[in-house]
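Dear colleague,

I am writing to hand over the structure that we discussed. Please find the sequence and the coordinates below, followed by a short account of what was found.

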Amino acid sequence: MRADFLNLPVQPVPEAHRATFDPESAERFQNRELSWLAFNWRVLEEADNPGQPLLERLRFLSISGANLDEFYTVRVAGLRAQTRAGVDRPSVDGRTPAQQLELIDRDALALQKAQQRTWKSLLPLLSEQGIHVVNAEDLTADDRAGLEERFLSEVFPMITPLALDPAHPFPFIANEGLALLLDLARESDGEPMRALIPVPAQLNRYIRLSDGPGGEIRFLPLETLLEMFLGQLFPGYASHGRCVFRVLRDSDLEIAEEAEDLVREFETALKRRRRCSVVRLKLNAGAPEGLKRLICERLDVGPNELIEVEGSVGIADLGQLVVDDRPDLRWHPYTPRLPERVRDHDGDIFAAIRQKDMLLHHPYESFEIVVQFLQQAARDPNVVAIKQTLYRTTKDSPIVQALCEA
């Protein structure tokens with residue numbers, strides 16, 4: 001039996017509800033930011049879903065971390081800017097920017113703790129499947145020898161270790177930048193020194209080691225590698241405390257659409273955004289108080305922006321552990337279909353559309369058709385303009401290449 005929803009009788013609203021319903025009330029609306037957080041909770045639920053393949057669960061966890069970071073750098077940054085400017089006009093749901101920030105920080109903190117619980121629950125499951133995140137104590141002599149060679153050839157040339165003193169002030173840490181702050185002491189006389197190792201974005205957060213004797217897949221966190229070879233970075237010094245921290249900066253763009261040169265306006269805004277204020281500072285729990293205080297002072301971070309993490313500093317980086325050589329722990333690959341009409345016209349998209357309008361349903365039908373459409377339009381002398389909303393691209397986007405060609 002099929003239900004005819006279009007012709008179902010309209011149910012009357014109960015009298016008691018009509019009497020209390022205020023069509024002008026702000027309670028009719030959900031807050032935009034809290035609704036977004038609810039969405040990200042839903043993403044995290046998939047990381048806890050045992051019905052998903054294990055590495056896909058790990059990917060969901062990584063996505064939830066990346067989402068939360070971006071949420072703070074854009075949406076929360078905008079609310080904080082309103083608060084600093086003294087804006088107290090409520091949103092459609094009746095909350096001022098300050099009230100929204102209070103609710104956001106409370107829910108986001110709970111979300112972050114849930115992410116760490118999920119990560120701790122996934123670790124033993126990964127180990128059962130032969131995928132390990134190892135510590136320095138787990139390494140063999142052969143591992144250490146191979147890592148020293150990789151450190152000297154791949155990592156050491158990329159990093160710039162810094163001693164922090166009046167002659168070497170605290171450097172700029174870019175948005176999403178990871179760094180290691182150290183309390184060191186000279187071995188000869190105990191003279192203290194503080195040092196900073198900014199981690200370049202080009203380096204992977206997790207370094208894949210050679211497989212174990214049973215074919216185990218092993219990863220070593222980059223910060224562990226740096227600590228293993230501190231003697232190469234700071235000869236004659238020993239470490240007495242460390243703090244791993246990650247910086248999130250205000251990335252909200254304000255563009256004057258009536259600007260005379262919109263391209264130049266964007267270029268200026270993007271350069272300005274690189275050095276915006278810190279909206280969130282995450283560091284490992286248990287870090288020495290002196291190091292935490294130094295970071296907060298130098299980055300001008302208040303207590304509301306500081307988050308101490310019991311677990312992984314940088315949940316988004318866990319996506320690097322999703323390896324290609326364990327297809328049994330991932331979704332089966334799906335091959336989207338190509339519309340028959342496009343094939344009937346030997347790939348001529350314009351001819352296929354000329355015959356009849358076409359509706360593509362992604363991901364079941366290939367997005368490659370859209371790419372081919374733009375590439376064909378770029379080369380067609382009869383096309384005078386291409387107008388389309390383009391949301392995010394990769395560095396090697398074929399769509400951007402087609403637009404450049406056009």
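The notes that follow concern the sheet and the helices that pack on it.

Please bear in mind that this is a predicted model.

The sheet is open and has 6 strands, in the order 2-4-3-7-8-9, with mixed pairing. Its edges are strand 2 (162–164) and strand 9 (306–309), each of which pairs on one side only. From one strand to the next, the twist averages 30 degrees.

Two helices pack on this sheet. Helix 3 (residues 54–84) touches strand 7 and strand 8 (278–284), and its direction makes about 140 degrees with that of strand 8. Helix 4 (residues 97–128) touches strand 8 and strand 9, and the direction of helix 4 makes about 20 degrees with that of strand 9.

Strand 3 (residues 178–186) deserves a separate description. Of its 9 residues, 7 are buried, so that the strand is mostly covered, buried being under 20% relative accessible area. Strand 3 pairs in the antiparallel sense with strand 4 (residues 192–199) over 8 bridges, and L182 has A195 of strand 4 as its bridge partner. These two strands form a hairpin with 5 residues between them, and G190 in the turn has a positive phi of about 80 degrees. Strand 3 also runs antiparallel to strand 7 (residues 237–249), to which 9 bridges join it; here A185 stands opposite A238.

Strand 4 also pairs with strand 2, in the antiparallel sense and over 3 bridges. In that pairing, L196 of strand 4 is the bridge partner of L162.

With kind regards

Terms used
Residues are numbered from 1 along each chain as its sequence is written. This is a predicted model: local features need pLDDT of at least 70, side-chain atom pairs count only at pLDDT 80 or more; totals for chains, interfaces and linings use all residues. Side-chain values use heavy atoms; hydrogens and water are left out. Buried means under 20% relative accessible area, exposed over 50%, partly exposed in between (1.4 Å probe, protein chains only). Helices (H or I, at least four residues) and strands (E, at least two) are DSSP runs, numbered from the N terminus. Two strands pair if DSSP finds at least two bridges between them. Axes are lines fitted to C-alpha atoms, for helices over the stretch in contact, and angles run from 0 to 180 degrees between N-to-C directions. Contact means heavy atoms within 4.5 Å.
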